[in-house]
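The exercises below are meant to be worked with the coordinates open beside the text. Try each task on the structure before reading the solution that follows it.

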Amino acid sequence: TAVDSSETLKKDDEVAHTLILIDNSENTSEADRETERELVSAVIDGHMKNEEFRIGVYGSSIDYQSSGFSDDYPELAEYEASYDAVDIRLSKCLSDAIDDIRDEEHFGYTRIILISTGQDDEDSDRDDLMEELKPFIIG
């Protein structure tokens, strides 16, 4: 059964966490880079009450832009991506992000927003990854 997360959040004053993962692939076009920045800004500008964000730029690993989740919204929108990664490990990075979230032991609402070209340069078991992602999928 799908849960309407917006209804849950309205009832809950706990801090919500949003992790935004951004593909640092050299294959990201200039137009897509601009669209990506607009999307990230819109998500941050439309933040919920008590929402904190963390941004990670990934290639073969995740380069987090801060040491933890933050509500410094103007600073968050100024993330740095070099768009020079040639080795993209999407599955590994998603798995690592999930491990990082679990290590944090935040028991409130957490969501992951993935901005990706879809490139994944590794042989990985997608079924295992989807199983790990289940708690973060709404709908």
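Four exercises follow, each with a worked solution, and all of them concern a predicted model.

**Exercise 1. The sheet**

Task: Determine the strand order of the open sheet, identify its edge strands, and describe how helix H2 is placed against the sheet.

Solution: Begin with the pairing, which gives an open sheet of four strands in the order S3-S2-S1-S4, with mixed pairing. At the edges are S3 and strand S4 (110-115), each of which pairs on one side only. The average turn between neighbouring strands of this sheet is 25°, direction ignored. Next, take one pair in detail: S2 and S3 run antiparallel and are joined by three bridges, and Gly56 has Tyr64 in S3 as its bridge partner. Finally, add the helix, since H2 packs on the sheet and touches S1, S2 and S4, while its direction makes about 175° with that of S1.

**Exercise 2. The nonpolar cores**

Task: Find which residues touch the most other members of the largest nonpolar core, and which elements give two or more residues to this core.

Solution: The largest nonpolar core has 16 residues, of which Leu19, Leu21, Tyr58, Ile62, Ala97 and Ile112 touch the most other members. Sorted by element, two or more residues come from each of strand S1 (16-23), strand S3 (62-64) and helix H4 (90-104), and H4 gives the most, with six residues. To see the packing from one position, take Ile62, which, when neighbours within four places in sequence are left aside, is in contact with Leu21, Gly56, Val57, Cys93, Asp96 and Ala97. A second core of 15 residues is separate, and it includes Val43, Tyr73, Leu76 and Ala77.

**Exercise 3. Two residues with positive phi**

Task: Locate Asn50 and Tyr83, and decide for each whether it counts as buried or partly exposed.

Solution: As background, most residues other than glycine have a negative phi. Asn50, although not a glycine, has a positive phi of about 65°, and its place is the loop between helix H2 (30-45) and strand S2 (51-58). Asn50 counts as partly exposed because its relative accessibility is 31%. Tyr83 also has a positive phi, near 50°, and is found in the loop between helix H3 (73-76) and H4. Tyr83, in turn, counts as buried because its relative accessibility is 9%, where the cut-off for buried is under 20%.

**Exercise 4. His17 and Glu122**

Task: Describe the surroundings of His17 and of Glu122, and state how far Glu122 is from Arg89 in sequence and in space.

Solution: His17 belongs to strand S1 and, at 6% relative accessibility, therefore counts as buried. The side chain of His17 is joined to that of Glu104 by a polar contact of 3.1 Å. Beyond its neighbours within four places in sequence, His17 is in contact with Glu52, Phe69, Glu104, His106, Tyr109, Thr110 and Arg111.

Turn now to Glu122, which lies in the loop between S4 and helix H5 (126-133) and counts as partly exposed because its relative accessibility is 22%. Not counting residues up to four places away in sequence, Glu122 touches Ile88, Arg89, Leu90, Ser91 and Lys92. For one of these, Arg89, the separation from Glu122 is 33 residues in sequence and 6.1 Å in space, C-alpha to C-alpha.

Conventions: Residues numbered from 1 in each chain as written. Predicted model: local features only at pLDDT ≥ 70, side-chain atom pairs only at ≥ 80, totals over all residues. Heavy atoms only, no water. Core = buried A, V, L, I, M, F, W, Y, C linked by side-chain atoms within 4.5 Å. Buried < 20%, exposed > 50% of the residue type's maximum accessible area, 1.4 Å probe, protein only. Contact = heavy atoms within 4.5 Å. Pairing = 2+ DSSP bridges. Axes fitted to C-alpha atoms, helices over the stretch in contact; angles between N-to-C directions. Polar contact = N/O pair within 3.5 Å; in protein donor to acceptor, adjacent residues only side chain to side chain.
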